[in-house]
Amino acid sequence: MKKIDSEAKIWTLEVVCNGRKEENFLPCGQAWEVAEEDIVVRKEWYWDSEIEIFGFICPDCGTFTQFEKTSLIPEYIKNRCLIKYRMEQEKAAKSRKKVRSILEKIFKRQRAVEN
Ligand SMILES: [Zn+2]
């Protein structure tokens, strides 16, 4: 049996760069056809809990636009995007931890030299 990936290739969405959920940029209003690989996941505070939101970054002006309706993205694509995003977050957290432990070792050594 062979996995067919055609569904993901076919799925696209027409969107407009309108800067939804972005305050520090000026959206350019360009229309785009986005595919799965263009979806950007971001974390956002909603009341007292963190939620993951879906959007895209405009190649022309760099503005982030949140999709008006998340329901326009099929569940399986949202799930894949979330998995990818969480894996990247985990990787970043691990490398931060590594840097911290290296710095701690250096400080410890420095303290030992000073004493
Ligand atoms: Zn734009």
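## The open sheet

In this predicted model, three strands come together as an open sheet, arranged in the order S3-S4-S5 with antiparallel pairing. Strand S3 (40–46) and strand S5 (64–66) sit at the edges, each pairing on one side only. Going from one strand to the next, the twist averages 50 degrees.

Let's look at how S4 meets S5. Strand S4 covers residues 49–57, and three bridges join S4 to S5, with the two strands running antiparallel. If you would like a pair to find in the structure, try Ile57, whose bridge partner in S5 is Phe64.

## The loop between S3 and S4

On the way from S3 to S4, the loop between them holds Trp47. The backbone is worth a glance here: phi of Trp47 is near 55 degrees, a positive value in a residue other than glycine.

Is Trp47 buried or exposed? Trp47 counts as exposed, because it has 5 C-beta neighbours inside 10 Å, and the cut-off for an exposed residue is 12 or fewer.

## Helix H2

Helix H2 takes in residues 75–114 and lies across S3 and S4, running at about 105 degrees to S4.

How does the span of H2 compare with what its 40 residues should give? At 1.5 Å a residue, H2 should span 58 Å, and the end C-alpha atoms are 58 Å apart, so the two values agree.

As for its surroundings, H2 lies largely in the open, because the number of buried residues among its 40 is zero. Being buried would take 20 or more other C-beta atoms within 10 Å of a residue's own.

Key: Residues are numbered from 1 along each chain as its sequence is written. This is a predicted model: local features need pLDDT of at least 70, side-chain atom pairs count only at pLDDT 80 or more; totals for chains, interfaces and linings use all residues. Two strands pair if DSSP finds at least two bridges between them. Helices (H or I, at least four residues) and strands (E, at least two) are DSSP runs, numbered from the N terminus. Axes are lines fitted to C-alpha atoms, for helices over the stretch in contact, and angles run from 0 to 180 degrees between N-to-C directions. Two residues are in contact if their C-beta atoms, placed from the backbone, lie within 7 Å. The expected span of a helix is 1.5 Å times one less than its number of residues.
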